[in-house]
Amino acid sequence: MKKRLRWILGSVVLIIILYLILFYPFQILIYEKLLFIPVLKRVIFILLLSAAFCLFRIMKGPTALDRIVAIDILGILIVGLCSVLTITTGRSWYLDIGIAWALQSFIGTIALSKYMEGRDFDD
Amino acid sequence: MIDTIGIIFIGLGIFFDLFGCLGLIRFPDLYNRLQASTKCVTFGTGSILFGTFLIVGFTAAGIKALFTIIFIVLTAPVSAHALSKSAHMSGIPLWQESVCDKLEDENRYKKNDQ
Amino acid sequence: MRSKIVLFIVALVVWLGFTWPPDLSHLLVGILVAIFVAYMTGDMFITRPHHLIHPLRYFWLFVYIPVFIWECFKANLDVVYRVIHPDVPINPGIVKVKTKLKSDTGITFLANSITLTPGTLSVDVDQDNGYLYIHWIHVFNEDVEGATKDIVRRFEYILERIFE
């Protein structure tokens with residue numbers, strides 16, 4: 001019963017946040033020649049919301065490996081964010097940042113998981 | 001026309017990204033979280049990059065997006081595999097309502113054998 | 001030697017992609033760097049270069065890609081259903097499956113495909129006996145034969161023709 005209540009509360013909060021992101025009348029100042037660019041500028045905030053979920057798991061995670069999982073997922077998510085920024089700003093070097101971030105994140109995750117291998121899970 | 005198809009791909013990718021990260025919060029133990037988030041975020045980011053390629057076309061950014069898709073699809077499962085193996089070796093337990101753990105049984109059998 | 005030539009071609013293609021509008025100076029620097037990389041690390045790149053000449057393997061590779069993308073899409077819908085359901089309908093466990101693939105590349109691609117398809121994540125590999133340990137989000141069959149039939153069969157038929 002308590003679980004159902006938490007689910008209803010969480011979904012209502014999520015729907016309100018998504019509604020605010022997509023339909024609240026912000027002033028979007030920059031003139032663009034393509035029509036869908038203002039929509040994409042709002043959609044970036046959804047990616048930032050997902051990154052906030054990852055940061056919540058990094059803050060709360062009971063063991064060290066939970067935090068490493070969240071860091072790995074955050075790394076892949078940022079590549080998508082850089083890709084959307086490439087379209088909205090029209091500068092192609094954002095994608096270079098994305099590639100470098102993906103490489104660093106992969107190597108870092110492999111190194112951290114090899115480091116944690118065989119240790120107790122509360123170190 | 002091609003811009004519309006690209007924007008549909010980007011919207012699909014962002015939908016899957018959001019629910020993958022929601023799974024990171026809702027699921028009860030490390031292995032389930034790893035499953036949900038790896039699948040959803042890999043496919044979502046690949047879809048966003050493919051939409052970028054469709055909108056930008058065969059320019060420098062488009063080719064880089066294609067290479068990044070190949071790189072992510074090859075490396076994300078590998079890092080998930082490394083993380084789950086390391087978690088199982090360092091003794092993180094499965095969720096208490098799990099059905100079976102054949103790997104743990106196997107390791108215990110080997111230990112008794114020696 | 002053949003492995004070094006293959007690595008040279010792959011490195012040159014990746015370099016040309018990253019510096020896309022093709023240019024004489026970029027091409028010269030790329031050829032020098034690709035020769036250096038192939039000379040230094042070419043021995044470890046692939047172990048059986050004679051398999052690359054077969055045209056039938058490329059045909060099966062092109063069959064494999066749409067199957068893989070479709071399975072991936074189904075996996076994502078499955079995960080979204082499990083996430084937004086209020087009771088989180090999961091029934092997890094680690095099962096053991098048997099595979100017929102022997103080569104390193106084949107087992108790597110099988111494990112990656114298993115990780116990105118509905119409800120499964122490869123945890124450990126026993127290469128000597130050909131067993132994979134797989135975390136399954138909703139266990140239907142606990143025994144080896146049933147799990148093998150449910151998880152491995154959809155890819156093994158194609159991957160056997162590509163990599164063996």
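# A walk through three chains

Start by selecting residues 6-28, 40-59 and 65-83 of chain B, which UniProt annotates as "transmembrane region" in an unreviewed entry. UniProt positions follow the numbering used here, feature names are shortened, and annotations may be inferred rather than shown by experiment. Before going further, note that this is a predicted model, in which local features need pLDDT of at least 70 and side-chain atom pairs count only at pLDDT 80 or more, while totals for chains, interfaces and linings use all residues. Residues are numbered from 1 along each chain as its sequence is written, chains are lettered from A and ligands numbered from 1 in the order in which they are written, and side-chain values use heavy atoms, with hydrogens and water left out.

**Stop 1: chain B**

Colour chain B by secondary structure and you will find 4 helices and 0 strands, running α-α-α-α from the N terminus on. Helices (H or I, at least four residues) and strands (E, at least two) are DSSP runs, numbered from the N terminus. Now return to two of the annotated spans. Residues 6-28 of chain B are 91% helix and 0% strand, with end C-alpha atoms 35 Å apart. In residues 65-83 of chain B, the helix share is 100%, the strand share is 0%, and the end C-alpha atoms lie 26 Å apart. Of the 114 residues in this chain, 58% count as buried. Here, buried means under 20% relative accessible area, exposed over 50%, and partly exposed in between (1.4 Å probe, protein chains only).

**Stop 2: from chain B across to chain A**

Next, show the side chains of R33(B) and D66(A). They form a salt bridge, the closest N and O atoms being 2.4 Å apart. R33(B) lies in helix α2 (residues 30-56) of chain B and D66(A) in helix α3 (residues 64-89) of chain A, so this pair joins two chains. A salt bridge is a side-chain nitrogen of Lys or Arg within 4 Å of a carboxyl oxygen of Asp or Glu. Side chains of opposite charge can pair when their charged atoms come close. R33(B) counts as buried at 6% relative accessibility, and D66(A) counts as buried at 6% too. Over all chains, the count comes to 8 salt bridges.

**Stop 3: chain A**

Stay with chain A and display the whole chain. Chain A has 4 helices and 0 strands, and its elements run α-α-α-α from the N terminus on. Buried residues make up 40% of its 123 residues. For "transmembrane region", UniProt (unreviewed entry) lists residues 7-28, 34-56, 68-87 and 93-112 of chain A. Select residues 68-87 of chain A: they are 100% helix and 0% strand, with 30 Å between the end C-alpha atoms. Residues 93-112 of chain A are also 100% helix and 0% strand, and their end C-alpha atoms lie 29 Å apart.

**Stop 4: two patches on chain A**

Switch on the surface and pick W7(A), I8(A), V12(A), I16(A), Y19(A), L20(A), L22(A), F23(A) and Y24(A), which make a nonpolar surface patch of about 880 Å². Patches are made of residues with over 30% relative accessible area and no salt bridge; like charges are joined within 9 Å, and nonpolar side chains (Val, Leu, Ile, Met, Phe, Trp, Tyr) within 5 Å. Accessible areas come from the Shrake-Rupley method with a 1.4 Å probe, and for residues only the protein chains shown count as cover. Centre on I16(A), in helix α1 (residues 2-23) of chain A; I16(A) is partly exposed, with a relative accessible area of 47%.

Then select K2(A), K3(A), R6(A) and K60(A), which gather in a patch of positive charge on the surface. Lys and Arg count as positive and Asp and Glu as negative, while His and the chain ends are not counted. The place of a charge is taken as NZ of Lys, CZ of Arg, CG of Asp or CD of Glu. Helix α1(A) gives the most to the positive patch, with 3 residues. K2(A) sits in helix α1 of chain A and is exposed, with a relative accessible area of 69%.

**Stop 5: chain C**

Finally, move to chain C, where UniProt's "transmembrane region" annotation (unreviewed entry) covers residues 5-21, 27-46 and 58-77. Residues 27-46 of chain C are 75% helix and 0% strand, their end C-alpha atoms lying 25 Å apart. Within helix α2 (residues 24-41) of chain C, find G30(C), which is buried at a relative accessible area of 2%. The C-alpha atoms of G30(C) and A11(C) are 8.4 Å apart, with these positions 19 residues apart along the chain.

Last, show D78(C) and R82(C), whose side chains meet in a salt bridge (3.4 Å, N to O). The two are 4 residues apart in helix α3 (residues 55-84) of chain C, so about one helical turn separates them.
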